[in-house]
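Me: Take one part of this structure and look at it closely for me, please. I'd like to hear about the cysteines, and then whatever they lead you to.

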Amino acid sequence: MQTESENACFGGTQGVYTHASTACGCDMTFGLFLPEEAQDGPVPLLWYLSGLTCTHENAMTKAGAQTWAADHGIALCFPDTSPRGDAAADDEAYDLGKGAGFYVNATETPWAPHYRMWDYVMDELPVLLERNFSIDPERQAITGHSMGGHGALTMAMAAPDRFRSVSAFAPIANPTSSDWGRKQLTAYLGTNEDLWSPHDATLCMRNKGFDGPILIDQGASDQFLDLLKPESLVEAAAARRQQITFRMQPGYDHSYFFVSTFMEDHVAFHAEALYR
C-alpha cells in the first residue's frame with residue numbers, strides 16, 4: 001500500500017492510499033478519514049459509496065462528512081467507483097465502464113476481468129483497512145449517493161451482520177426497472193434477470209429487508225427522479241413493515257449541495273447505531 005497524501009483534518013487525518021487490488025486486478029485508490037480518537041484505539045467505520053462519474057475524491061472533498069465524523073469519533077472510507085488503468089475496459093457513455101462499476105461482480109466480456117467492485121468493497125478493502133489502520137471491524141455502517149446509494153442498500157441487505165445501519169442520498173432504488181440499471185446490469189451480468197435481483201434494493205427489500213435502521217433522503221427537484229424510482233423502495237419497505245425513514249426534501253436536486261446539506265443528519269444517524 002502506498003500513501004498518496006495525508007492531511008490534518010478536524011483534529012484527525014484525511015489520507016489517500018493506493019494499493020494493488022486482487023479483486024479488480026489493477027491498482028485502486030481510496031480515501032480514509034481517521035478521527036483523533038483513532039490514535040488511542042480502534043474507531044467505528046462509516047463507508048461512503050459514490051455515484052456515477054465519481055472517484056474516491058468527490059465525496060471526500062465535497063460532502064463535508066469529515067466535520068461531523070470528527071464530532072462523533074468515526075472513520076470514513078471513500079472507495080473508488082470502478083477499476084482504473086489501461087487494462088480496465090471502458091465505454092464512451094458516462095454511465096457504463098470507468099466511474100460506473102455499479103458495485104457488482106461482472107461476469108460478461110469485456111468487463112469480467114476487472115469490474116469486481118462487490119468483492120472489492122465487501123471483502124478485499126475491509127481486510128486491508130483492518131490490517132493497516134485503527135478500525136473496529138465490529139462497528140461498521142454504510143451510506144452512499146445515487147449509484148452509491150444503490151450499492152450501500154444492496155450491500156447492507158446482503159450483510160446485515162456486518163452493517164449496523166444504512167443510509168442513502170437519492171439512491172438508484174429499483175435498477176431492474178430503470179434505464180439506470182437495465183443497461184448496466186445487462187452489460188455486466190448478462191441477460192438472465194434472475195442474476196440481477198441481489199443488486200436491486202427494492203427487490204432485496206421485498207425478499208429480505210434489513211435488520212437495522214434505514215435513512216433515505218431524496219431531493220424533490222432531483223432531475224433524475226424518474227430514473228431513481230424511490231417510490232418502489234418505499235412501497236416495498238411499507239409492505240415488509242421495515243424500519244425506515246424516508247424524507248422527500250423540497251427544492252433539492254441531485255448535486256453535492258444536496259448531499260452536504262443533509263450529511264450531518266446521516267452521520268449522526270449512523271453514530272447512534274455504531275455507539276449503541
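Reply: Let's start with C204, which is buried at a relative accessible area of 4% (buried is under 20%, exposed over 50%, partly exposed in between, with a 1.4 Å probe and protein chains only). Bear in mind that this is a predicted model, where local features need pLDDT of at least 70 and side-chain atom pairs pLDDT 80 or more, while totals for chains, interfaces and linings use all residues. Numbering runs from 1 along each chain as its sequence is written, and side-chain values use heavy atoms, with hydrogens and water left out.

C54 is buried too, with 6% relative accessibility. Its sulfur has the sulfur of C77 as its closest cysteine neighbour, but at 15 Å that is too far for a bond. Searching the whole structure turns up zero disulfides (pairs of cysteine sulfurs within 2.5 Å).

C54 is also one of the residues that line the largest pocket (an open set of points on a 1 Å grid over the protein atoms alone, where a 1.4 Å probe fits with protein on both sides within 12 Å along at least five of seven lines; lining residues have an atom within 4 Å of a point). Its space comes to about 180 Å³, counted as what probe spheres set on the points fill, with points joined across faces, edges and corners. Beside C54 in the lining you'll find G51, L52 and T53, along with Y94, H145, S146, W180, F224, H254, S255 and Y256. That wall splits into six nonpolar and six polar residues, with no charged ones (Ala, Val, Leu, Ile, Met, Phe, Trp, Tyr, Cys and Pro are nonpolar, Asp, Glu, Lys and Arg charged, and the others, Gly among them, polar).

From H145 and S146 in the lining, follow the chain on to helix α4, residues 147-158 (helices are DSSP runs of H or I with at least four residues, strands runs of E with at least two, numbered from the N terminus). α4 spans 17 Å from first to last C-alpha, close to the expected 16 Å, which is 1.5 Å times one less than the number of residues. Eleven of its twelve residues are buried, so the rest of the structure largely encloses α4. Among the buried ones are M147, H150, L153 and M157.

Now go back to the lining residues Y94 and W180 and look for charges further along. K183 makes a salt bridge to D95, with 2.7 Å between the closest N and O atoms (the rule is a side-chain nitrogen of Lys or Arg within 4 Å of a carboxyl oxygen of Asp or Glu). K183 belongs to helix α5 (179-189) and D95 to the loop between β5 (75-79) and α3 (117-132), so the bridge ties together parts 88 residues apart in sequence. D95 is buried at 8%, whereas K183 is partly exposed at 36%.

By that rule there are seven salt bridges. In another one, D80 meets R84 at 2.9 Å, N to O; D80 is buried at 4%, while R84 is partly exposed at 25%. D136 and R139 pair at 2.7 Å, with D136 buried at 15% and R139 buried at 17%. Shared partners also link D217, R247 and D265 into one network of salt bridges.
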